[in-house]
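User: Can you walk me through this one? I want to start inside a single chain and then look at how the copies meet.

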Number of protein chains: 4
Amino acid sequence: MTNVGIIGGTGYTGSELSRILCTHPDVTLTALTSRQNAGKKVTDVHTFLKGYSDISFIENISDAKDLDFVFVATPHGVAMNEVPALMDAGIKVVDLSGDYRLHDVSAYEKWYGHKHTDLENLSKAVYGLPELFRDKIKGADIVANPGCYATSAILACAPLMKSGVVDEDVIIDAKSGTSGAGMVPSPRLHHPTCGESIIPYSIGTHRHIPEIEMAVDMFSISHSKVTFVPHLIPIIRGILSSCYFTLKEDLDNAEIEQIYEKQYSKEFFVHYVKEPSIRAVVGSNHAHVGSQVIGNKVVAFGVLDNLVKGASGQAVQCMNLMLGLKEIAGINQPGLGV
Amino acid sequence: MTNVGIIGGTGYTGSELSRILCTHPDVTLTALTSRQNAGKKVTDVHTFLKGYSDISFIENISDAKDLDFVFVATPHGVAMNEVPALMDAGIKVVDLSGDYRLHDVSAYEKWYGHKHTDLENLSKAVYGLPELFRDKIKGADIVANPGCYATSAILACAPLMKSGVVDEDVIIDAKSGTSGAGMVPSPRLHHPTCGESIIPYSIGTHRHIPEIEMAVDMFSISHSKVTFVPHLIPIIRGILSSCYFTLKEDLDNAEIEQIYEKQYSKEFFVHYVKEPSIRAVVGSNHAHVGSQVIGNKVVAFGVLDNLVKGASGQAVQCMNLMLGLKEIAGINQPGLGV
Amino acid sequence: MTNVGIIGGTGYTGSELSRILCTHPDVTLTALTSRQNAGKKVTDVHTFLKGYSDISFIENISDAKDLDFVFVATPHGVAMNEVPALMDAGIKVVDLSGDYRLHDVSAYEKWYGHKHTDLENLSKAVYGLPELFRDKIKGADIVANPGCYATSAILACAPLMKSGVVDEDVIIDAKSGTSGAGMVPSPRLHHPTCGESIIPYSIGTHRHIPEIEMAVDMFSISHSKVTFVPHLIPIIRGILSSCYFTLKEDLDNAEIEQIYEKQYSKEFFVHYVKEPSIRAVVGSNHAHVGSQVIGNKVVAFGVLDNLVKGASGQAVQCMNLMLGLKEIAGINQPGLGV
Amino acid sequence: MTNVGIIGGTGYTGSELSRILCTHPDVTLTALTSRQNAGKKVTDVHTFLKGYSDISFIENISDAKDLDFVFVATPHGVAMNEVPALMDAGIKVVDLSGDYRLHDVSAYEKWYGHKHTDLENLSKAVYGLPELFRDKIKGADIVANPGCYATSAILACAPLMKSGVVDEDVIIDAKSGTSGAGMVPSPRLHHPTCGESIIPYSIGTHRHIPEIEMAVDMFSISHSKVTFVPHLIPIIRGILSSCYFTLKEDLDNAEIEQIYEKQYSKEFFVHYVKEPSIRAVVGSNHAHVGSQVIGNKVVAFGVLDNLVKGASGQAVQCMNLMLGLKEIAGINQPGLGV
């Protein structure tokens, strides 16, 4: 058994990691940190884990012994303070914050508004989207887990970009459930504000923009241009990204489907379907992509559960690859369906 | 025209008052206080009022001139600091907090946890439920506007209590939309927490308990006993209170309906219906009551929009009575229906 | 008083019309038709109207006497069977279906799949969007009330198109509440299907496409191209249309705002705001528009209540203009805000 | 491996069974029936099963070979036509309908409105609530799976009834998500009707009443009386039953907790917690119970996911017991938490 720890065990992604790991067949969750809950039994805070864990929260990850692997589920800016010691100790890491996603340091500093203090590990970090970068992840010591919006958008966009059939210019109109914003109460996430509404926000300023641009650029011939507008919708889990491209040639739906099937037909977690559905993937690490040609445009959809394939499930998928485990171990569950 | 002011113009009940008053045919909203927004145009904060108001928030109600009537829409404990000066100035008041609802000072201090500092006006305050205390309200200088849970429960319970056909012992299982909890973000009101759940809370400790007991007692022969359990449900506006009584005699549905019709058939805002519906009253000052006999029990339902009949609409109804205006002026709107 | 009738009084738009008209100061709702409810009191079906109406449903509008004005709130294909007799009788009409919206008969027959049988009145029909076609509506005997998606999109798009600062090519990613789909239960509108999801549908086949194209064309120099993708979101009332344009020149947010203010600053119901909000307009005839420049693109938002400004409220606004009444009569209410 | 079939593979309980069984370590799902989908691949209808199943729907269960176990997930009245042949063939059965729940045939015929045609197997059927009837289930050939409301109520009520500390008279105010009503669209389940409301229904007529009474009676000294009022709430999965009892003696919260812990402390799926939470159990076979003393009353809460512990998960739990498998096999997953 591999001993695994989580830094930041009370936030939504840390909590979701503990949910997944507690039934993982090949690893044992032996440490969760939480400043405010240190000393408390994990099941007293996360009652959904009753029967699955008997450990207590610790204050610092350095209080844990014999860890083989650590997930960093802290806010950005904090992760880069935690990672160096882990790496020095030979512990492999998946970071779920934004700290190791952008290879371009200046982009990081511009979008996040502070210096990056761990350039060494930043240069080693692999972008953890297994369906597109599986081989690199297998050999990595540190993986930067993609953001939830970014994952949904990139899964939908990458095959079209790679195939060269669309213009470089893409409009991404994304809709996210509220858990994507984290567990800290705020006016926008207050139920009376968002419970019967749809709220566009962070237009032109959302930190997933450079991440999507970076990922999309890896697949495009010249520099692509991303127009990204996120909207908050009144569901808890789930993202739908609607991505609009202009076709360079006259293609029909069957031809577009071919492009996606070529990319994903052998994937366990990503499925091209006629009608992508949040309910079909919610609670699971599966994602749906779909598309529809409209004149000389094509709209591509990427759908996933933001806490699983958009965060903690994908992080476990990366861990599995990094540790040489079965890729689907611990995340081999279908979506809820209803 | 009567000049009206609101103390506490940014909270949900203050905001709702401004929504109602801005189209009231007989009064003019001339002052809204807000510490954090003082100086800002009201429509810059409440964009839904665009076209309906051109005033700006003021810091203190004493900055306003020529007020004839004031609504106090502050948290409890604050209202009793504002009311004396208003009363001294000969301004009539409706207080929407809990400060003037409980005639028993010791009950107030027990449930609210602090001293009451305005016993003089407390003794004058009339409980503002027009369908049950209309005449007293007409002559009042200060009215304590009932709480939202209390209004829904009392409208359903009072006719049965008064008729003497039920035991004094009542169980009230109440369900409220999230706007009832106010505009301050909190973990329970965070969308990912409450958006797909129902959450019982404040069991045995909710401050509407003594208020319901007091009101119910006014109608019962001996002291009644109220078991009140509030639940938060994922809707924004609306309350349904399900009130369970034991019948003292063998009555059928038609006989129970008679009891309600005797009480409410001439009321404009309270309707006995077979299937009480939140959607039928939401956005309006109307309330539905309904009932069903089950063996020797009867369940009575009280349904209303917590921000209108459960707060600001009822407050305006009281103001109309206090000022000798048409009781339905400014609140003469049907519910949304859909 | 003007006597007004509604053909189709049980569907959502007919029901909403009755809600609005029952407090209209200048007209009296004297007739509602409903095949299934003929003979029943209106308030037995629409309990939200208790206290506001004492009429009963009739089977056919020809059973009503002395009507001065009729709203046709039937499905498309039915309306064109009702309108000729009304027009022949000198009764002015607002049709809320799609039957009289498309001036191009061949477009109608292509998108709706059946012949148009009332070409005479089709040629007279005016497209009922008062903020853009007020003068024509004033003189009209028959008005085709715009669709809800179309209204939200056109209000956002028209000022930019007219100003000539954007390319003719627009992508409209629209999100609608469920009441927009009408009152007939269906698998997609079943709560377990749509209650925690967002569902794109009718891509490339939705009947508002030719309507939006037609309206947008009126304002553009050459033929514009509309890519329209509607999504169903789990709210009851409300539409947000996010409309993406490419800027032809380098404009900033303030310059775009100028364009909108020039168009709408004097309008009572349409407001340019920084953060358009469904909650601010829900339950009212008001609409919000907003915009944000993102590089060489601009996203424009149109927000409204699909049953009011997107249907019945706008229909009443048109009626007011056609009858020479005050334009805001009966619809002079702010949005709910919360 | 044990071969398992499902009769009624498209409804919500059949669909949920397929979701659970597809990752069950000890059984193989080899047959799903569906009249409307016969011949189609299961994954074309249930897209959430992509990667988990390659079988196609069959029309009749008799078309399947070598079945060892069958779940009957049909409407009541249909199940009793299917069960005899299965039992004759030596196939063990869990029936998820109401056909085999009521031991009293006359009660069945009164509440369901038709004759029971399989009295032989009815007399053999064991009520499948493992935490209360585990030993009987282990030896059964046919198990009647409890209803969702009944399971939530009985788990909360049974310990108090058994302990003798409460009166026999219980009021159950239950709130259910919409998936409990099944997949057939109806006016009440139409999103615009139920999406922002709470709707009491089937008062005094709901078919879970005799079932709850029967189960509760098993634990009470004299005949108990159940007042059951179900309410529909706008969530998809989840039930909260609030059960009100009068205490016969003066007990405090700690003493009540003792009673529950005595019953459930060794259970894997049922947990006594201070704040029962739908989110903590949703998506899992776990249930929460909680309680609070209020004067001489006690309110007990039962919380579960109606499709898992309230239906298909519990059915699999019963199957595991009947087949001598590990009781938690295939359902060993924590709730979603968020």
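**Domains, contacts and symmetry**

Analyst: The domain assignment splits chain A into domain 1 (2–124) and domain 2 (148–306). Keep in mind that this is a predicted model.

User: How many Å separate the centres of domain 1 and domain 2 of chain A?

Analyst: Taken over C-alpha atoms, the centres of domain 1 of chain A and domain 2 of chain A are 26 Å apart.

User: And how many residues of each are in contact?

Analyst: Domain 1 of chain A puts nine residues in contact with seven residues of domain 2 of chain A. On the domain 1 side, helix 4 (residues 105–112) of chain A gives the most, with three residues. By class, that side of domain 1 of chain A has five nonpolar residues, three polar and one charged.

User: OK, chains now. How many residues does the contact take from chain A and from chain C?

Analyst: The contact takes 31 residues from chain A and 31 residues from chain C.

User: Which elements of chain A supply at least two residues of that side?

Analyst: On the side of chain A that touches chain C, they are strand 7 (169–176), strand 9 (225–232), strand 10 (239–246), helix 11 (278–281), strand 12 (287–294) and strand 13 (297–304) of chain A. The residues on this side of chain A comprise 17 nonpolar, eight polar and six charged.

User: What about chain D and chain B, how many residues does that contact take?

Analyst: It takes 31 residues from chain D and 31 residues from chain B. Among the elements of chain D that give two or more residues to this side are strand 7 (169–176), helix 11 (278–281) and strand 13 (297–304). The side of chain D that touches chain B divides into 17 nonpolar, eight polar and six charged residues.

User: What turn lays chain D on chain B?

Analyst: A turn of 180°, with a shift of 0.0 Å along the axis, lays chain D on chain B with an RMSD of 0.0 Å. That is how a two-fold axis relates them.

User: Why do the copies meet through the same surface?

Analyst: Because 100% of the interface residues of chain D are also interface residues in chain B.

User: Switching topic: helix 1 of chain B. Covered or open, and how many of its residues are buried?

Analyst: Helix 1 (residues 12–21) of chain B is mostly covered, with 10 of its 10 residues buried. They include Y12(B), L17(B), R19(B) and I20(B).

User: What do those buried residues pack against?

Analyst: The buried residues of helix 1 of chain B pack against strand 1 (2–7), strand 2 (27–32), helix 2 (42–45), strand 3 (69–72) and helix 12 (308–323) of chain B.

Notes. Residues are numbered from 1 along each chain as its sequence is written. Chains are lettered from A and ligands numbered from 1 in the order in which they are written. This is a predicted model: local features need pLDDT of at least 70, side-chain atom pairs count only at pLDDT 80 or more; totals for chains, interfaces and linings use all residues. Copies are superposed by least squares on the C-alpha atoms of residues with pLDDT of at least 70 in both. Two residues are in contact if their C-beta atoms, placed from the backbone, lie within 7 Å. Helices (H or I, at least four residues) and strands (E, at least two) are DSSP runs, numbered from the N terminus. Ala, Val, Leu, Ile, Met, Phe, Trp, Tyr, Cys and Pro count as nonpolar, Asp, Glu, Lys and Arg as charged, and the others, Gly among them, as polar. Domain bounds come from an automatic or database domain assignment. A residue is buried if 20 or more other C-beta atoms lie within 10 Å of its own, exposed if 12 or fewer, and partly exposed in between; C-beta atoms are placed from the backbone.
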